[in-house]
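Biologist: I am new to this structure and would like a close look at the part of the chain that is packed away from the surface. Please take me through it slowly, starting with an overview.

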Amino acid sequence: MRWTLVIIIILSIEIYAFQSFKTLFKFNWISKVYLSINFLIYIFLFLSYLYLNYYSLNISDLFYDYLSIPMAFLITLLGFKLIICSFLFFEDIVRILTFSVKFLFSFNDSNDIFIQRRQFVSKIALFLASIPLPFVVYGIFKGRYNYKVINYELEFEDLPEKFDGFQLTQISDIHCGSLKNSEEVEYAVNLINKQKSDLVLFTGDFVNSKANELIKWKDVFSKIEASCGKYSILGNHDYGDYVSWDTKDEKKKNFNQLLNLQKEMGFKMLLNENVKISKEKQSINIIGVENWGKGGFKKNGDIDKACQGLNNESFKIVMTHDPSHWEKKLLNHQTHFHLTLSGHTHGMQFGIEIPGWIKWSPIKWAYKYWAGLYLEKGQYLNVNRGFGVLAFPGRVGIWPEITVIKLKKI
Ligand SMILES: [Fe+2]
């Protein structure tokens, strides 16, 4: 029943939107190309569905290999059609009202004006609906690999002298299961190493849902280098919560596999704990918490436990996946956290950013702190825009990020 309703709605949108092509191009080659593209996408998705069912495969195992791009095109084209439909619908309302008035007052007018108006509205609708299409295509094939190194120099009065000029690189949200082009990923890893940072800090979501996504990329990410170490924390996707497991034991095995693989890649996972980075008898502390997110997200992060053994005066850098943790728990905590590093939002992989002019993404309606550097109550937060992609297999306007932060003493 639910599927019948979905099919009726999609068919109605298809038929209604096609009216604009029919009005402008009749059934010439443009209409035929448009219909063929639609037909091929539907056929491909239908065959994929049959294939998954026939071999009893889990959709999440194959989504990013085969289905994500046609699905993205399907959704983009649906958006394109909905824009056209809204224009045609508005024009139809005007048409009905005009006909009613003509009927009531017995006007006798030429039909040409309606045909011309229909053509004009169809042209405007097609033009406006087409604007996002090249951006989406660019986002899928290029934008997702448009890695940006974002540099900050942050000054602190109480930074230990020996750490003046100390540099850290933050990466976040790799989402291995969605990675495709190994050359581009190798390029990004080289770019990380070129920064020659003392520390590399990874702020969660190495995978989409299962630890085995990491196996294929283990060698590449093992190449990341940092003289003072590589540290990581868990993101909401790292717990295996987004797939169904036959037994609790299987889920636990998956979790342990993720921890082991990260260890083998040289990352020290911080699970509500801290570590001291020392230089000539001076030190700073890196504090790593488990995922803590507002709303329905997992709340395993425990900042008090993670700070155990630290004194109030030490210089503290916190790694916490979700920036809402900073907003809700860290910002008003009795302890002063000099710098907090987060990710999670991906900047929704969609938005507009022109430094100094505009910074916008729809994600700002869900997260107050959603991308870039923030300073509140003398404490910094950096929200990394993420390395990989999730759900939509592309990025438009919000590019994959490698953050480089130099600490300076004043
Ligand atoms: Fe993520």
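**The buried interior and its surroundings**

Modeller: The chain has 10 helices and 14 strands, and what follows describes a predicted model. Taken along the principal axes, the C-alpha atoms of the chain fill a box of roughly 95 × 50 × 35 Å. Of the 410 residues, 36% count as buried. Among the contacts between residues at least 6 apart in sequence, 77% join residues at least 24 apart.

In soluble globular proteins, nonpolar side chains tend to be buried together. Here the largest nonpolar core has 64 residues, and those with the most contacts inside it are Val200, Leu201, Leu214, Ile287 and Met319. If we take Val200 and set aside residues up to four places away in sequence, Val200 touches Thr169, Ile171, Ile192, Ile224, Ala226 and Lys230. A second, separate core has 11 residues, including Leu77, Leu88, Ala125 and Leu126.

One partner of Val200 deserves its own description, namely Ile224. Ile224 sits in the loop between α7, which spans residues 218-222, and β4, which spans 230-232. Ile224 counts as buried because it has 20 C-beta neighbours inside 10 Å, and a residue is called buried when 20 or more other C-beta atoms lie within that distance. Leaving aside neighbours within four places in sequence, Ile224 is in contact with Val189, Ile192, Asn193, Val200 and Lys230. Ile192 and Lys230 therefore appear in the list for Ile224 as well as in the list for Val200, where a contact means C-beta atoms within 7 Å. Ile224 and Ala188 are 36 residues apart in sequence, while their C-alpha atoms are 10.0 Å apart in space.

Helix α6, residues 182-194, also holds Glu184. Glu184 is partly exposed, with 16 other C-beta atoms within 10 Å. Between the C-alpha atoms of Glu184 and Asn146 there are 9.1 Å in space, and in sequence these two residues are 38 apart.

Further along the chain, helix α10 (residues 323-330) has buried residues of its own, which are Pro323, Ser324, His325, Trp326 and Leu330. What covers them includes α9 (303-306), β8 (316-319), β9 (339-342) and β13 (379-383).

The strand β13 also leads us to Pro393, which lies in the loop between β13 and β14, the latter spanning residues 401-409. Pro393 has 21 C-beta neighbours inside 10 Å and so counts as buried. Not counting residues up to four places away in sequence, Pro393 touches Tyr64, Ser68, Ile69, Ala72, Ile140, Arg144 and Ser178. Pro393 and Leu40 are 353 residues apart in sequence, and their C-alpha atoms are 19 Å apart in space.

Two residues in loops are worth comparing for their backbone. Most residues other than glycine have a negative phi. Asn272, however, has a positive phi of about 55° although it is not a glycine, and its place is the loop between β5 (267-269) and β6 (273-279). With 20 C-beta neighbours inside 10 Å, Asn272 counts as buried. Lys377 is also a residue other than glycine with a positive phi, in this case near 50°, and it lies in the loop between β12 (372-376) and β13. Lys377, by contrast, counts as exposed, with 8 C-beta neighbours inside 10 Å.

Finally, we can turn to the beginning of the chain. The axes of helix α1 (residues 2-25) and helix α2 (residues 29-54) come within 9 Å and cross at roughly 160°, and the two helices are therefore roughly antiparallel to each other. The crossing in which α1 passes α2 is left-handed. Phe21, Lys22 and Phe25 of α1 make the contact with Ile30, Ser31 and Tyr34 of α2. The residues of this contact divide into four nonpolar, one polar and one charged.

After α2 comes the loop that leads to α3 (59-105), and Leu57 lies in this loop. Leu57 counts as exposed, having 12 C-beta neighbours inside 10 Å. Not counting residues up to four places away in sequence, Leu57 touches Leu52 and Leu62. Ser178, listed above as touching Pro393, is 121 residues from Leu57 in sequence and 18 Å from it in space, C-alpha to C-alpha.

Conventions:
Residues numbered from 1 in each chain as written. Predicted model: local features only at pLDDT ≥ 70, side-chain atom pairs only at ≥ 80, totals over all residues. Axes fitted to C-alpha atoms, helices over the stretch in contact; angles between N-to-C directions. Helix = DSSP H or I, 4+ residues; strand = E, 2+ residues; numbered from the N terminus. Parallel < 35°, antiparallel > 145°, perpendicular 65-115°, else oblique. Left-handed = near helix turned anticlockwise from the far one by under 90°. Contact = placed C-beta atoms within 7 Å. Nonpolar A, V, L, I, M, F, W, Y, C, P; charged D, E, K, R; others polar. Core = buried A, V, L, I, M, F, W, Y, C linked by C-beta atoms within 7 Å.
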